[in-house]
Number of protein chains: 2
Amino acid sequence: MVKITDVARRAGVSPSTVSYVLSGKRSISAATQRRVEASIRELGYRPHAGARALASSRSNVLALVMPLRSGIHLPVQMQFAGAVATTARGHDHDVLLLTQEEGEDGLRRVADSALVDALIVMDVQLRDARAPLLRALPLPSVLIGFPAEADGLTCIDLDFTATGETCVSHLAQLGHRCVALLGSPPEVYARGTGFAQRTAAGFTAAARRYGMTSTVLPCEPTRAAARETVDRLLHDHPDLTGAVVHNEPALPLLTEAFQQAGMRVPEDLSLVAVCPDELAENAAVPVTSVAIPAAEVGERAVELLMAKLNDRPVPDATLLPPVLTRRASTAPRASAS
Amino acid sequence: MVKITDVARRAGVSPSTVSYVLSGKRSISAATQRRVEASIRELGYRPHAGARALASSRSNVLALVMPLRSGIHLPVQMQFAGAVATTARGHDHDVLLLTQEEGEDGLRRVADSALVDALIVMDVQLRDARAPLLRALPLPSVLIGFPAEADGLTCIDLDFTATGETCVSHLAQLGHRCVALLGSPPEVYARGTGFAQRTAAGFTAAARRYGMTSTVLPCEPTRAAARETVDRLLHDHPDLTGAVVHNEPALPLLTEAFQQAGMRVPEDLSLVAVCPDELAENAAVPVTSVAIPAAEVGERAVELLMAKLNDRPVPDATLLPPVLTRRASTAPRASAS
DNA sequence: GCCATTCGTCGAAGCGCTTCGACTCGAAGG
DNA sequence: CCTTCGAGTCGAAGCGCTTCGACGAATGGC
């Protein structure tokens, strides 16, 4: 194994000089710099991560806590993880994978043992037991999603309230007057997953503002539940012409259910989804949708963390604006039926 | 930060004794052991990972190289990653996430800097550029999948040859005489992804052995391609009564295409899939399938790595036997049509 | 009852790096 | 011309842990 003293000897300098070339923390003459860099290259030197961490008390590793229980749409998570890993590498950091299961102890463990410098926590619930812990830890962290009590924490997510509004607004502009939000299964709401509530709130508020009739219904991602939900919805609101689906796995099932109930998309019913673009594009009828900007969230999360690690100030809350892409599933309301 | 000397002082022993209690590398009297453990608990001591890595030249971290390009079925990957993380934790190791993109340099980097003790590489291709590197590295590694030249490497995967055979065998026992394998898109075969070839080989060999007529066709995961593939297949083999699908995203599309072509499942066509159980169970008609044992592969991969780290001998190749689960999509061939 | 072990513990020497103070040298300032 | 300063470099002191050899005490064999 080649070490810093080897590099130093070959370059005719002291180890500390090599270190300073590497870190840039002191000025080095151009000539020395060149010699040292050549020496590093020729020997294929790579600093020992442990030694570096010990001496500098920086491990250059971020922890990423992922919900490996399925449920949340996987592709979104993968995109997110990929963006985190890639962005972290761009800042000379690596990513340690922690599972949700490890819970608070896991966070404490990697923090106390100085395995990582900072934490990214995904799938944050409204009442998340990890929130107080993260506040107390000496390590910087970024949460994906917002707990009920977010002060003192740095959080980032798609702006779901605005997302609900955007969907309604799009339908309103097309002339729709009676709309519904088909959301996540009841247990997601019960679990207190903030985004579900927020979308519903934005949806309802915007509908009221536009003077539209609106309903919010949860929906299990099964064929039967989709069928039943749609039937009930159409029974209660026979003049329904617009629907927003915020439930990825149920999207195809609901589409199918609407069609079986005699509603053609988009002729009789305009459909907007909140889901990854990929899914919206590949549906039988491409669906107008607000994308989940997973990659951007991941990238921004890492940037926030890097800022915090370098004592740069960061905003407490980062809400990414929703972007609605029009596809074939929405159309102006048939003027007079 | 509480360190080993603090623990030692409070327990009335030397730091080395604390270290030996922690590692169990020397015998310690029960009384001392108890005092030290109490001291550790009371102070909430956690060894500094960097210091430990430096002194012991063991980081207790495994690298997991994941293909974050999508394509391969995501849920399978997630299950796999989850199993790796969980099993690693069971052996007191953590998992560092590397993306496929980082390629060989990434492997070299984490190896040379002693960031990790061992490597798990997913999505191995038949002609994988990383194979020679892994052979040369001083770190133990396990590959998920088999490269063409596998000697000197430790590999693990589902036994795809046996999988192809198992599917045929199941169909044969049900009386089918003319069967087809609908596989991955052509580019997967071209890329040299071993598992596709191996399934086809097992399938073809078994069909010959049973004296059955057999065909192998690739299929793109699009509605149009599925339609076309099925039409061609039925045109060329009008007496087809059994099909094996080894292409997760195309499974629903192919099922649909068969039905549109007038083949009811399982009355007219018995369908076997090679796919995660979850997918097979939730199809419109639950599909008889050979599961991809992602979790088991992940777990076994870590176990293999741990064995290698402890200088225990391990087999070069581990092939997990396929397990076929009967569901509603296969039935005896209609005796006389 | 004496020597040879074994058991349990300690002290000290690193592991490879960063960083702080100190030092040298040449340029700038009075 | 002497002082002051900054740029550039070095040496040494750790960072917190593991591990090796050594040592005293207890044990067992003869």
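1. Let's start inside chain A, with a helix pair worth finding on your screen. In this predicted model, helix α8 (residues 160-173) and helix α10 (residues 194-209) of chain A have axes that come within 7 Å and cross at roughly 40°. α8(A) and α10(A) are therefore oblique to each other, and their crossing is right-handed.

2. Which residues of α8(A) meet α10(A)? From α8(A) come Phe160(A), Thr161(A), Gly164(A), Glu165(A) and Val168(A). On the α10(A) side you will find Phe195(A), Arg198(A), Thr199(A), Gly202(A), Phe203(A), Ala206(A), Ala207(A) and Arg209(A). Sorted by class, this contact holds six nonpolar, four polar and three charged residues.

3. A second pair in chain A is built from helix α11 (residues 223-236) and helix α12 (residues 251-260), whose axes come within 8 Å and cross at roughly 50°. That makes α11(A) oblique to α12(A). The crossing of α11(A) past α12(A) is right-handed.

4. Here is who takes part in that second contact. α11(A) contributes Arg223(A), Ala226(A), Arg227(A), Val230(A), Leu233(A) and Leu234(A). They meet Leu253(A), Leu254(A), Glu256(A), Ala257(A), Phe258(A) and Gln260(A) of α12(A). The contact of α11(A) with α12(A) comprises eight nonpolar, one polar and three charged residues.

5. Now for the loop that follows α12. Pro266(A) sits in the loop between α12 and β9 (270-274) of chain A, and a cis peptide bond, with omega of about 5°, joins Val265(A) to Pro266(A). Chain B has a cis bond between Val265(B) and Pro266(B), with omega about 5°. Pro266(B) lies in the loop between α12 (251-260) and β9 (270-274) of chain B.

6. One more backbone detail deserves a look. Asp311(A) has a phi near 55°, a positive value in a residue other than glycine. You can find Asp311(A) in the loop between α14 (294-309) and β11 (317-320) of chain A. For context, most residues other than glycine have a negative phi, and most peptide bonds are trans.

7. How are the two chains related? A turn of 180° and a shift of 0.1 Å along the axis lay chain A on chain B with an RMSD of 0.1 Å. That is the relation of a two-fold axis. Of the interface residues of chain A, 100% are also interface residues in chain B, so the copies meet through the same surface.

8. What does that surface look like in numbers? Chain A gives 37 residues to the contact and chain B gives 37. Between them the chains bury about 3,100 Å², with 66% of it on carbon and sulfur atoms. Arg46(A), Met78(A) and Leu97(A) supply 21% of the area that chain A buries against chain B, more than any other three residues.

9. Finally, a helix pair that spans the two chains. Helix α5 (residues 74-90) of chain A packs with helix α5 (residues 74-90) of chain B at an angle of about 60°, their axes 9 Å apart. α5(A) and α5(B) are therefore oblique to each other, and α5(A) passes α5(B) in a left-handed crossing. The residues making this contact are Leu74(A), Pro75(A), Gln77(A) and Met78(A) on one helix and Leu74(B), Pro75(B), Gln77(B) and Met78(B) on the other. By class, the contact of α5(A) with α5(B) has six nonpolar, two polar and no charged residues.

Key
Residues are numbered from 1 along each chain as its sequence is written. Chains are lettered from A and ligands numbered from 1 in the order in which they are written. This is a predicted model: local features need pLDDT of at least 70, side-chain atom pairs count only at pLDDT 80 or more; totals for chains, interfaces and linings use all residues. Side-chain values use heavy atoms; hydrogens and water are left out. Axes are lines fitted to C-alpha atoms, for helices over the stretch in contact, and angles run from 0 to 180 degrees between N-to-C directions. Helices (H or I, at least four residues) and strands (E, at least two) are DSSP runs, numbered from the N terminus. Angles under 35 degrees count as roughly parallel, over 145 as roughly antiparallel, 65 to 115 as roughly perpendicular and the rest as oblique. A crossing is left-handed if the near helix is turned anticlockwise from the far one by less than a right angle, and right-handed if clockwise. Contact means heavy atoms within 4.5 Å. Ala, Val, Leu, Ile, Met, Phe, Trp, Tyr, Cys and Pro count as nonpolar, Asp, Glu, Lys and Arg as charged, and the others, Gly among them, as polar. Copies are superposed by least squares on the C-alpha atoms of residues with pLDDT of at least 70 in both. Buried area is the accessible area (1.4 Å probe) that two parts lose on being put together, summed over both.
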